[in-house]
Every structure is written in structure tokens, then in C-alpha cells.
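Subject: Structure handover and notes

Hello,

Here is the structure we talked about handing over. My notes on it follow below.

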Amino acid sequence: MISLSSVHNERVEETSTDTDDGIIFINNNNTMSLYLGSTICLLALVLTRQTYKLSAGFRNKLVTKTKYHETSLDSPPSLKASVMLSVFQNAWPATVSEMLQDTETAHGMVFRSLMIAGCLIIMQTDFSGLTPSPHSNDNKSDAPMIVAMMGIVHLLRKHAIALAIGFCFAPAKGIDHDVSELRQQTTAASDESGKSSDELRGIPWLRNTTVHNFSSDQREMVARTNVVGAVHTILATSMLTLMPLLELIALAWETWHFAPFHFTRLVRSLDPCSLVWCTLALMRFLHIVVLTISVCVFMVHFIAGFFFTSGHHTFKGFWSEFAATKLFAQLMVLASIQSWFSWPSVFDAMHPYVQAIALVFAGLHIIWYTSFCIRTLFLCLRNVEYKESELCRFFDASRRKERAFQTFLDAQLAFIARVQHEFGATQNSSSEEKATDMSSSLSAEGKTRSSLQNRRRSSQMDLVREQVSIIAKLGSFMEVEKENSPIKTHMD
């Protein structure tokens with residue numbers, strides 16, 4: 001073991017020392033593309049689930065099929081648990097596909113836009129560049145074939161993301177097909193109104209079985225739905241089964257070549273880079289195992305939903321499939337983070353503050369993803385059966401989230417109204433100022449006009465007075481002339 005570790009130590013150190021700035025730059029591009037795209041896909045799942053709670057169909061089911069709004073937080077735990085179980089069975093769809101079947105709704109558009117954007121970013125990743133390429137001088141005969149096979153695995157890892165894009169364009173409901181309606185019709189296929197089929201007389205096990213008497217239009221709809229459902233199922237199943245298998249092969253390849261080296265560094269010097277690398281490798285393996293279990297549980301309840309009318313098959317299949325899709329996105333995120341610690345020499349050359357930030361960043365992801373992975377594992381092992389205390393806690397959390405959302409919505413509307421009020425008050429004040437200025441200007445203008453009129457009147461009065469005085473003087477002069485005229489005549 002020591003000799004094997006020393007060999008791997010020499011190989012990886014040689015690989016790390018030979019890594020130039022160009023290879024580091026390529027690795028950073030691959031890592032960021034995978035991390036950013038996987039995070040967007042994970043965000044698409046979370047936001048779609050939360051937005052679906054606000055859809056008209058979900059709210060209508062809460063009112064008509066459950067007593068969710070009639071039950072308060074102060075109700076007995078048993079009542080809250082039963083109400084929450086009825087919400088799971090009657091309000092939530094049977095599969096993630098049926099939650100996304102209406103692409104015109106808010107949650108359907110959120111899922112399609114974010115998921116396609118994330119997958120396109122992931123497809124820019126060169127998966128072979130996420131980890132160092134080990135030297136194979138010790139086994140030259142097997143190395144070319146192994147390297148070629150791993151190249152095919154990395155190529156399939158990249159192209160398998162295209163299945164997720166195809167999944168977004170294969171809704172479970174359309175103008176001429178509906179998987180949920182098909183499920184309802186198949187569960188009623190053995191109704192008493194049916195009759196045995198003449199086409200099945202040659203099959204011993206099915207010759208006496210009654211078949212529902214569908215019309216020609218219904219039978220054509222069933223045929224179309226079978227085709228669309230088969231394509232949809234192939235895309236979803238291939239994505240959730242092929243990708244974990246490819247990730248398992250890639251993880252085994254990386255572990256075989258690099259685990260002894262990182263384990264040696266961890267034992268000798270408690271190297272934090274190697275510790276995080278080994279922890280992330282274990283986390284990826286745990287995610288692959290839990291994802292596979294979740295897919296198996298989902299397939300059991302998905303198939304059983306076409307044969308039995310029991311409501312527990314629907315919500316059990318939905319939650320196991322939703323957990324599987326979320327684990328798939330988390331697995332891609334962990335693969336990108338692990339590649340950051342694949343080059344120990346590059347990590348050792350970083351500034352201590354940058355190393356601390358990277359370790360804290362990886363630690364937060366490990367804690368968060370481990371918690372979800374462990375919860376999903378125990379949930380699937382007990383066949384998605386919730387305890388009364390868990391259902392009661394889910395009910396309380398749901399009501400608190402709804403209250404918080406309503407509070408946020410009220411705050412948003414109040415903020416808009418406040419801004420409108422302040423803006424309207426400013427407009428009113430400015431209009432009042434304009435009116436005041438206008439009135440003052442008008443009053444000043446009026447005063448000016450009145451003063452001018454008064455001046456004109458005063459000047460006219462002065463002119464009249466002068467004329468009157470002139471006339472008076474002329475009259476007095478005429479009277480004097482009249483008085484002097486006879487005396488002057490007598491003297492002559």
C-alpha cells in the first residue's frame with residue numbers, strides 16, 4: 001500500500017507540476033460552467049415547486065379537495081397531520097412531469113427557461129478536463145484503451161444533459177393527449193360496463209378480462225398518449241439512470257488514480273485540500289446511491305398509479321421523483337466543486353484567505369447536501385411514509401411560509417402605494433406652487449394695471465381741471481370786456 005501510494009504520489013505531483021497556466025485556465029472554465037449550470041438547474045427545481053403552490057390549479061384543489069384553509073395553526077396535531085396528508089394526496093400531482101405539463105403557467109415557464117439555460121451552460125463543460133490526467137508509463141499496454149473508454153464516458157456525460165433539454169419539450173399534457181386523464185381511464189378499465197375484447201381471444205390470461213368500452217376518439221387519444229408518454233418516460237428515465245451510472249464510472253476512475261495520493265497527504269499532514277477532496281468523493285458516491293434508490297421507488301409508484309386508484313401512489317411517486325431530480329443537480333454541483341481541489345499544488349499556491357473562502361464554500365455545500373441526502377435516503381427506505389409529527393411540522397411550516405409570502409406581498413403593494421402617494425404629493429405641491437406664483441403674478445399685474453389706470457384717470461382729471469380753469473378765466477375776461485365797452489364808446 002505504501003509503495004502504491006508513493007507511485008501515485010509521484011505521478012500526481014509530476015502531473016501537478018507540469019500543469020501550466022493554460023491548463024489551469026481551462027479547468028477553471030470547465031468548473032465554472034458546470035457549477036453555474038448545475039446551480040441554475042437546481043434553482044429551477046426549487047422555484048418551480050414554490051411557484052406551483054401559487055398556481056390556480058393548486059389553490060383550487062386546496063379549496064375543493066382539502067380543509068387546508070379551514071384548519072388553523074392552533075388545531076390539534078392529528079387534524080393538521082390528516083389535512084396535510086390530504087394535501088399531498090389530492091393537491092400535488094403524481095409526477096414532476098405533470099406538475100410541468102402546462103408550459104403557459106408561471107411555474108411551467110420558470111422551469112423551462114431556467115432548466116434549458118442551465119443545461120446549455122453545462123454542455124459547454126469538457127468533463128475530461130475536470131480532473132488531472134494520470135500518467136500511465138507503468139502500464140503502457142492498457143493505458144490507451146482505458147483512456148479511450150474514459151473519453152467516451154466523459155463524452156456521454158456531456159451529451160446526457162441533452163436528455164434534460166428534451167425533457168423540457170415533452171410535456172405530459174397537450175391539445176391531443178393527457179397522461180393524467182389516461183391514468184384515470186386505465187384505473188377504470190375493468191369497469192362492469194366493459195366487455196371482453198374479441199382481439200384477445202387467443203391470449204389465455206386476457207381472454208376473459210373485461211375492457212372499458214372506449215369510443216374511437218378516446219382510443220385514439222390513449223394511443224397518442226402512449227406514444228408521448230413513452231418518449232417522455234424514456235427521456236426522464238435515461239436522464240436519471242444513465243447519468244448516475246456514468247458519474248459512478250468517472251468517480252471510480254478518479255478514486256482509483258488519485259485517492260491514494262490524497263489519502264497519503266491527509267494522513268501525513270492533515271491537508272485540508274485532500275480532506276475536502278475525499279469528503280466530496282464520498283458525498284458523490286452517496287448521492288449516486290440515494291438517487292438510484294429514489295428512482296426505483298418512483299418507478300414502483302408510477303407504474304402502480306396506472307393500476308390502482310389509491311391516492312398514496314401519486315404523492316409518493318412525485319416526492320421520490322422530485323428528490324431524484326434534485327439529487328441529480330446536486331451531484332453535478334459536487335463534481336464541479338471537487339474539481340477545484342483536484343490540483344493540490346494549485347491550491348497550496350493560493351493566498352490563505354482564498355483557501356479559507358474555498359474551504360468554507362465547499363463545507364457549506366457539503367453540510368446542506370448531506371442533510372438533504374440523508375433525509376431522502378430514510379424517506380425512501382420507509383417508502384415515503386411520513387409520521388404524524390412530520391406531517392404536523394409540514395403543515396405549520398406551510399402556513400408560516402404562506403403568511404410570510406402574504407406579508408411580503410402586502411409590503412410590496414404598500415411600497416408601491418407609498419411611492420405613488422409621495423410622487424402625487426410632490427406633483428400637488430408643485431402645482432400649488434405654480435398656482436400661487438401664477439396668482440401672485442396675476443395680482444401684481446392687476447395692481448400694475450390698476451395703478452396705470454389711476455394714473456391715467458388722475459392725468460385726465462388734471463387736464464379737465466386745467467380746461468375748466470382756462471374756460472373760467474376766459475369767461476371772466478369776457479365779462480370785463482363787456483363792462484368796459486360802453487365807457488369806451490361814450491368817450492369817443
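Helices here are DSSP runs of H or I with at least four residues, numbered from the N terminus. On that numbering, L73 sits in the loop between α3 and α4. Please keep in mind throughout that this is a predicted model.

L73 and α4

L73 is partly exposed, at a relative accessible area of 24%. Its C-alpha atom is separated by 9.0 Å from that of R400, although the two residues are 327 apart along the chain. Helix α4, on one side of that loop, has 14 residues, which should span 20 Å at 1.5 Å a residue; the end C-alpha atoms are 20 Å apart, in agreement. The buried residues of α4 are K80, A81, V83, M84, S86, V87 and F88.

Helix α14 and what follows

α14 covers residues 352-381, 30 residues in total. From first C-alpha to last it reaches 43 Å, close to the 44 Å expected at 1.5 Å a residue. Which of its residues are buried? They are Q355, A358, A362, H365, I366, Y369, F372, C373, T376, L377, L379 and C380. As background, an α-helix has 3.6 residues a turn, so residues three or four places apart point the same way. Just after α14, N383 has a positive phi of about 60 degrees.

Salt bridges

The structure holds nine salt bridges. Those I looked at are as follows.

- K316 and E385: the side chains meet at 2.3 Å, N to O. K316 lies in helix α12 and E385 in the loop between α14 and α15, so this pair ties together parts that are 69 residues apart in sequence. K316 counts as buried because its relative accessibility is 2%, and buried means under 20%. E385 is partly exposed, with a relative accessible area of 41%.
- R382 and E390: the side chains meet at 2.9 Å, N to O. R382 is partly exposed at 29% relative accessible area, whereas E390 is buried at 14%.
- R265 and D271: the closest N and O atoms are 2.8 Å apart. Both residues of this pair, R265 and D271, are buried.
- R157, E247, E254 and R284: these four are linked in a network of salt bridges.

Pocket

How much space lies in the largest pocket? The volume is about 1100 Å³. The lining of the largest pocket consists of 36 residues, and the closest to its centre are R49, K53, W319, F394 and K401. At least two lining residues come from each of α2 (21-52), α3 (56-65), α4 (77-90), α12 (312-340), α14 and α15 (388-491). The largest share is that of α15, with eight residues. Both helices described above, α4 and α14, are thus among the elements that line this pocket.

Cavities

There are four cavities of 30 Å³ or more in the structure. The largest cavity has a volume of about 180 Å³. Its lining is made of 16 residues, and C41, M115, A164, M239 and F328 lie nearest the centre. The elements that give two or more residues to this lining are α2, α6 (106-122), α8 (161-168), α10 and α12. Of these, α2 and α12 also appear in the list for the largest pocket.

Surface patch

L242, L245, L248, I249, F285 and V289 make a nonpolar surface patch of about 460 Å². Two or more of these residues come from each of α10 (216-269) and α11 (272-304). The largest share, four residues, is from α10. F285 lies in α11. Is F285 buried, exposed or partly exposed? F285 is partly exposed, because its relative accessible area is 44%, between the 20% and 50% cut-offs.

Where to look

If you want somewhere to begin, the K316 and E385 pair is one option, as it joins α12 to the loop between α14 and α15. The centre of the largest pocket is another, with R49, K53, W319, F394 and K401 closest to it.

Regards

Technical notes
Residues numbered from 1 in each chain as written. Predicted model: local features only at pLDDT ≥ 70, side-chain atom pairs only at ≥ 80, totals over all residues. Heavy atoms only, no water. Expected span 1.5 Å × (residues − 1). Buried < 20%, exposed > 50% of the residue type's maximum accessible area, 1.4 Å probe, protein only. Patch = residues over 30% accessible without salt bridge, like charges linked within 9 Å, V, L, I, M, F, W, Y side chains within 5 Å. Areas by Shrake-Rupley, 256 points an atom, 1.4 Å probe, with all protein chains shown as cover. 1 Å grid on protein atoms, 1.4 Å probe; cavity = no way out; pocket = protein on both sides within 12 Å on 5 of 7 lines; lining within 4 Å. Points joined across faces, edges and corners; volume = space filled by probe spheres on them.
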